[in-house]
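Here's a set of short exercises to work through with the structure open in your viewer. Try each task yourself, then check the steps below it.

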Amino acid sequence: MSDLPSGWVEATLSAVTTINPVADKKSIALEAWVNFVPMPAVGAETGRIDVSEQRRFAKVKTGYTPFLENDVLFAKITPCMENGKMAVVPKLPHLFGFGSTEFHVLRCPEGVLPEFVYLHVSSLKFRYDAEHNMTGAVGQKRVPEPYLAQTAFPLPPTNEQRRIMGKVESLFTELDKGEESLRAARARAGLYRQSLLKYAFEGHLTADWRAANPDKLETPEILLARIQVERDTRYKQALDDWQIDLEKWRDAGEQGKKPAKPKRQNDFVTLSHEVVVELPQVPEKWGYSKLANLGDLGRGKSKHRPRNDPRLLGGPYPLIQTGDVKSAGRIIREYTQSYTEFGLSQSKLWPKGTLCITIAANIAETAFLGFDSCFPDSVVGFSSFEEMISPFYIELFIKGVRQRIEAYAPATAQKNINLTTLEELVIPLCRVSWLCCAQGSPAV
């Protein structure tokens, strides 16, 4: 710590704070209320702390870490320390506080601002150095008190600490304003995107094209009839392929996994006039159909439990999760998990180009597979009859009605919709949905 500014002092953390001070527990009545702070009550890299929980002192007298108002709490265990779970204790409703045993407590004397100490120990450099000086077993590594005590601490005069904190608070305020402006801009962009999609699926964006190309339009009845023929043809082909695979399996002495019979497709459902008239009006020669009519729709598979069984993971077959769909943009091009042959045997490999739709945690997020991949039953796969319905048209429609789909999810901690919700989703249908989307669809 050479070349410190004038008036600053080279010190150690133990010289400027009392680390893990002992509490006078004899002065606290057993029935007295105290504040309680579990580890989740301290935010990561925010300095925020929730001190609203309270317990009787008798319940926390032993096995917990005591602290007072203005103490600095420092998470000592991995990964909480690396994640920046540190905070200055604010004004407490009760005199005493107790918290997780995985906190170190730093108490500042007069002249040392706890906010300044927090700023130092929560810095990325301090946490990086502390991480490389942890002790203990993997998964239970902690920053030892002796290490913390001897760490270097550059101490400026008290007024200088105040000036530094004032500047930091000013910069944080500007950052908060910038983040708020960014959130507002994103919200406006989201509203504009939703309005644009609504406008598109009401037929307004293609009105000029339809007027100039009346010969390329067909009635929804004709289009639905062709789709029904395609569905029946696909199912018959799947049955034929299954019979061939079944014979090969039997000829091979029934070795390996028995070929699965194709799932019988749902009946083709035509919406009644009474249902259609209740839906938003669409242009002439447009119609409506349920999503289940327009392609193959099915949930992913991950039958084996536990799902983190080492035998499942680490092989050549990509495995994507709901988070991969949410973060992908439009095309999933990366994955972090993969299945072995054993993993594949209890799952299903979906082809490149499949539209993935999440039905758990992140509701109705969509993205296309950029490679053949497996996924669990929290993701639904959809392949449209591309000669008649563009998968990108379906993707954009789901984006446009995502909030409406999410409304089907129960109000629980883990929000979910099911496959039936998507099967029953009513889609505005037009022949131009293929022509228009195909011209601007991304390469998968």
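**Exercise 1. Is T270 buried, partly exposed or exposed, and where is it found?**

Step 1: Keep in mind that you're looking at a predicted model. The relative accessibility of T270 is 59%.

Step 2: The cut-off for exposed is over 50%, so T270 counts as exposed.

Step 3: Now place T270 along the chain. T270 sits in the loop that runs between α8 (220-251) and α9 (273-276).

Step 4: Pick V117 as a partner and check the C-alpha to C-alpha separation. T270 and V117 are 69 Å apart in space, with their positions 153 residues apart in sequence.

**Exercise 2. What C-alpha separations do you get for V16 and G111, and for I164 and F116?**

Step 1: Start with V16, which belongs to helix α1 (residues 13-16). With 6% relative accessibility, V16 counts as buried, because buried means under 20%.

Step 2: V16 and G111 are 95 residues apart along the chain, and their C-alpha atoms are separated by 9.4 Å.

Step 3: Move on to I164, a residue of helix α6. At 21% relative accessibility, I164 counts as partly exposed.

Step 4: For I164 and F116, 48 residues apart along the chain, the C-alpha separation comes out at 8.2 Å.

**Exercise 3. Which residues of helix α4 are buried, and why do they line one face of the helix?**

Step 1: Go through α4 (residues 124-131) and pick out the buried residues: F126, R127 and A130.

Step 2: Look down the axis of α4. The buried residues fall within an arc of 95 degrees, so they line one face of the helix.

Step 3: Check the face turned away from that buried side. There you'll find the exposed residues L124, K125 and Y128.

**Exercise 4. Work out how the salt-bridge partners R183 and E180, E230 and R234, and E247 and R250 are spaced along their helices.**

Step 1: Recall the basics. Side chains of opposite charge can pair when their charged atoms come close. An α-helix has 3.6 residues a turn, so residues three or four places apart point the same way.

Step 2: Get the total for context: the structure holds 18 salt bridges.

Step 3: Take R183 and E180, whose side chains meet in a salt bridge at 2.8 Å, N to O. These two are 3 residues apart in helix α6 (residues 158-201), which means about one helical turn separates them. Both count as partly exposed: R183 at 46% relative accessibility and E180 at 45%.

Step 4: Next come E230 and R234, with a salt bridge of 3.5 Å, N to O. They're 4 residues apart in helix α8, so again about one helical turn separates them. E230 is partly exposed at 28% relative accessibility, and R234 is partly exposed at 29%.

Step 5: Finish with E247 and R250, where the closest N and O atoms of the salt bridge are 3.6 Å apart. Their spacing is 3 residues in helix α8, so they too are separated by about one helical turn. The relative accessible area is 39% for E247, which makes it partly exposed; R250 is partly exposed with 41%.

Step 6: Follow the E230 and R234 pair a bit further. E230, R234 and D296 are linked in a network of salt bridges.

**Exercise 5. Which residues form a positive surface patch, and which make a nonpolar surface patch of about 440 Å²?**

Step 1: For the positive patch, look for lysines. The patch is formed by K257, K301, K303 and K348.

Step 2: Zoom in on K303, which lies in the loop between β12 (295-299) and β13 (313-319). K303 counts as exposed, with 62% relative accessibility.

Step 3: For the nonpolar patch, the residues are Y192, L196, Y199 and L205, and together they make about 440 Å².

Step 4: Place one of these residues, L196. You'll find L196 in helix α6, and with a relative accessible area of 37% L196 is partly exposed.

Step 5: Ask whether 37% is enough for L196 to join a patch. Patch residues need over 30% relative accessible area, so the partly exposed L196 passes on that count.

Terms used: Residues numbered from 1 in each chain as written. Predicted model: local features only at pLDDT ≥ 70, side-chain atom pairs only at ≥ 80, totals over all residues. Heavy atoms only, no water. Patch = residues over 30% accessible without salt bridge, like charges linked within 9 Å, V, L, I, M, F, W, Y side chains within 5 Å. Areas by Shrake-Rupley, 256 points an atom, 1.4 Å probe, with all protein chains shown as cover. Salt bridge = Lys/Arg side-chain N within 4 Å of Asp/Glu carboxyl O. Lys, Arg positive; Asp, Glu negative; His and termini not counted. Charge placed at Lys NZ, Arg CZ, Asp CG, Glu CD. Buried < 20%, exposed > 50% of the residue type's maximum accessible area, 1.4 Å probe, protein only. Arc of directions from axis to C-beta.
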